[in-house]
Amino acid sequence: MPADFDPLSARWRTDPYPAYRELRDTAPVHRAPTSGVYCVSRHADVVQVLSTPEIFSSRAMFTMLMNGGREKGPPLSLELLRFVVRYALHTGMNPFAFPKARNLIAEDPPVHGPLRNAVNRGFTPRRIADWEPRIRELVAEYMARIRTSQRFDLVEELAVPLPVTVIAEMLGVEPERRKDFKRWSDTIIYAISGPGRGTPLLRAFQDVFIEFNTYLKKIIRQRRRDPADDLVSAILAHEPGGTALSDTDVMFFVQLLMIAGNETTTNLLGNAVHMLLDHPDQLERVQADLSRVPDLVEEAVRFDSPIQLVFRLATRDTELAGIQIPQGAIVAPLLGSANRDERRFADADRCDIGRDTRGHVGFGFGNHFCLGASLARLEARVALEALVPELADLERSGDARELVDSFVVRGPTHLELRRAA
Ligand code: HEM
């Protein structure tokens, strides 16, 4: 039994699934010895945690992801003060206001629902379906380049540009700056859930954070003056609970949409293609019948989940699967494990695009269920419908699988393909 399993450590990252299985069988609520995080690995318990926000608060998404594991800011130091001054001068915003800012991913009811309403209407399946022609156009453009290449990196040529361009267009920010958006998102993922974690004053991170927020501040100011038909303007026009959002609230919102809107879908596409190439029988099934692509997408989200875990904060002493969890503990529902739970999915470690994937928690569960699920599904469907027939002539050009260095997101940094001889 992996008594020393810690979801924050890179040690289990390459293939966490055997450890997850052992946890589910022998320690379904396991306190990680190094980080102290309580890992919840069975599907039923994960659903239980995610459906009781009054006991398991999303505040931990702020504490663990945006604040380096602390509830309050980092200890005062000269370096911190320098950063605060630099940040305030460039953005006109006060970083000491961060812990109090409204932040969708970290709010609980009753604040969460009204805040989410700012953008809910932009993400209904019907509104998302309106984006299909544009997504097709973009995929056609990327595929044209791919079809004429003997060798290419699928992540770079398709999995990165598609979601980042779409979310930039939805937000109403300049898609031409997509390389900057991607660089900013990657640096933030690195700083909050990768090796940069715990060093929020890292110079590279500070610079990116200031650059990103200076850009957002300019957009916010411009849209306050001159609203358009885009998500930034919709967020600015919204007054949840009757109070207008501050610039910092809006900045958090837009940053969340931009990061969530691209990192995850990129990883889903990379994971789905690896999954198909690892399981040629499943590739043949979907090649023989492209109407199965939506099933392939769901199975990929279940089988190798792009978001492996989320965090919650225990608001009181409680018990789960017979284990005591003290008030103040950080709890990590392991989505990637719940989706492999044989108590919920028969033969759960087998990849099977024909299985009933309903109930997977790859997009979360409960009030924070992924806002962008319809968009991610649409982008992945259109991309894979175009790519799957091509995979007949393509093979991986190496065995090495470098994963994004993060304990939250899972996916390949590169996926080199070449035309088969
Ligand atoms: C395969 C792709 C995706 C996966 C696997 C995924 C996964 C998730 C998960 C697991 C959560 C729940 C977080 C929690 O419970 O604390 C979530 C929330 C969220 N996702 Fe996604 N996501 C994906 C794509 C997207 C896209 C394309 C967007 C577009 C904007 C997006 C925006 C969001 C937002 C805003 C939230 C927070 C919702 C809230 O707090 O109410 N996601 N996502």
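The legends below describe close-up views of a predicted model.

**View 1. The shell of residues around the ligand.**
The ligand is surrounded by 27 residues, of which Gly261, Thr264, Gly364, Cys370 and Gly372 come nearest. Two helices, H13 (247–278) and H17, are the elements that give two or more residues to this shell. Helix H13 gives the most, with 7 residues. Sorted by class, the shell around the ligand holds 18 nonpolar, 8 polar and 1 charged residues.

**View 2. Helix H7 against helix H17.**
Two packed helices are described by the angle between their axes and the distance between the axes. For helix H7 (residues 132–147) and helix H17 (residues 373–390), the axes come within 10 Å and cross at roughly 40 degrees. Because of this angle, H7 counts as oblique to H17. The crossing in which H7 passes H17 is right-handed. On the H7 side, the residues that meet H17 are Glu132, Ile135, Arg136, Val139 and Met143. On the H17 side, Leu378, Glu379, Val382, Ala383 and Ala386 meet H7. By class, this contact of H7 with H17 has 7 nonpolar, no polar and 3 charged residues. Helix H17 also appears in View 1, as one of the elements that give two or more residues to the shell around the ligand.

**View 3. Helix H10 against helix H11.**
The axes of helix H10 (residues 178–193) and helix H11 (residues 203–225) come within 10 Å, and they cross at roughly 135 degrees. H10 is therefore oblique to H11. H10 passes H11 in a left-handed crossing. From H10, the contact is made by Trp184, Thr187 and Ala191. From H11, the contact is made by Ala204, Phe205, Val208, Glu211 and Phe212. The classes in the contact of H10 with H11 are 6 nonpolar, 1 polar and 1 charged residues.

**View 4. The open sheet of 5 strands and its edges.**
Following the strands across this open sheet gives the order S1-S2-S8-S5-S3, and the pairing is mixed. Strand S1 (29–31) and strand S3 (56–57) stand at the edges with a single partner strand each, so one side of each has no neighbour in the sheet. Helix H3 (residues 59–66) packs on the sheet and touches S3, S5 and strand S8 (330–333). The direction of H3 makes about 115 degrees with that of S5.

**View 5. Strand pairs inside the same sheet of 5 strands.**
Strand S2 (residues 38–40) and S8 pair in the parallel sense, over 3 bridges. In this part of the sheet, tyrosine 38 stands opposite valine 331 in S8. S5 and S8 pair in the antiparallel sense, over 2 bridges. Leucine 313 stands opposite isoleucine 330 in S8. S3 and strand S5 (residues 312–314) also pair in the antiparallel sense over 2 bridges. Here phenylalanine 56 stands opposite alanine 314 in S5. In a regular strand the side chains alternate between the two faces of the sheet.

**View 6. The open sheet of 3 strands.**
The strand order in this sheet is S4-S10-S9, and the pairing is antiparallel. Strand S4 (151–153) and strand S9 (394–396) are the edge strands, and each pairs on one side only. From one strand to the next, the twist averages 30 degrees. S4 is joined to strand S10 (residues 416–419) by 3 bridges, and the two run antiparallel. Aspartate 153 has glutamate 416 as its bridge partner in S10.

**View 7. Backbone details in two loops.**
Most residues other than glycine have a negative phi, and most peptide bonds are trans. Proline 109 and proline 110 are joined by a cis peptide bond, with omega about 5 degrees. Proline 110 lies in the loop between helix H4 (78–91) and helix H5 (112–120). Alanine 321 is not a glycine, yet its phi is positive, at about 50 degrees. The loop that holds alanine 321 lies between strand S6 (318–320) and strand S7 (323–325).

How values were computed: Residues numbered from 1 in each chain as written. Predicted model: local features only at pLDDT ≥ 70, side-chain atom pairs only at ≥ 80, totals over all residues. Axes fitted to C-alpha atoms, helices over the stretch in contact; angles between N-to-C directions. Helix = DSSP H or I, 4+ residues; strand = E, 2+ residues; numbered from the N terminus. Parallel < 35°, antiparallel > 145°, perpendicular 65-115°, else oblique. Left-handed = near helix turned anticlockwise from the far one by under 90°. Contact = placed C-beta atoms within 7 Å. Nonpolar A, V, L, I, M, F, W, Y, C, P; charged D, E, K, R; others polar. Near = placed C-beta within 6 Å. Pairing = 2+ DSSP bridges.
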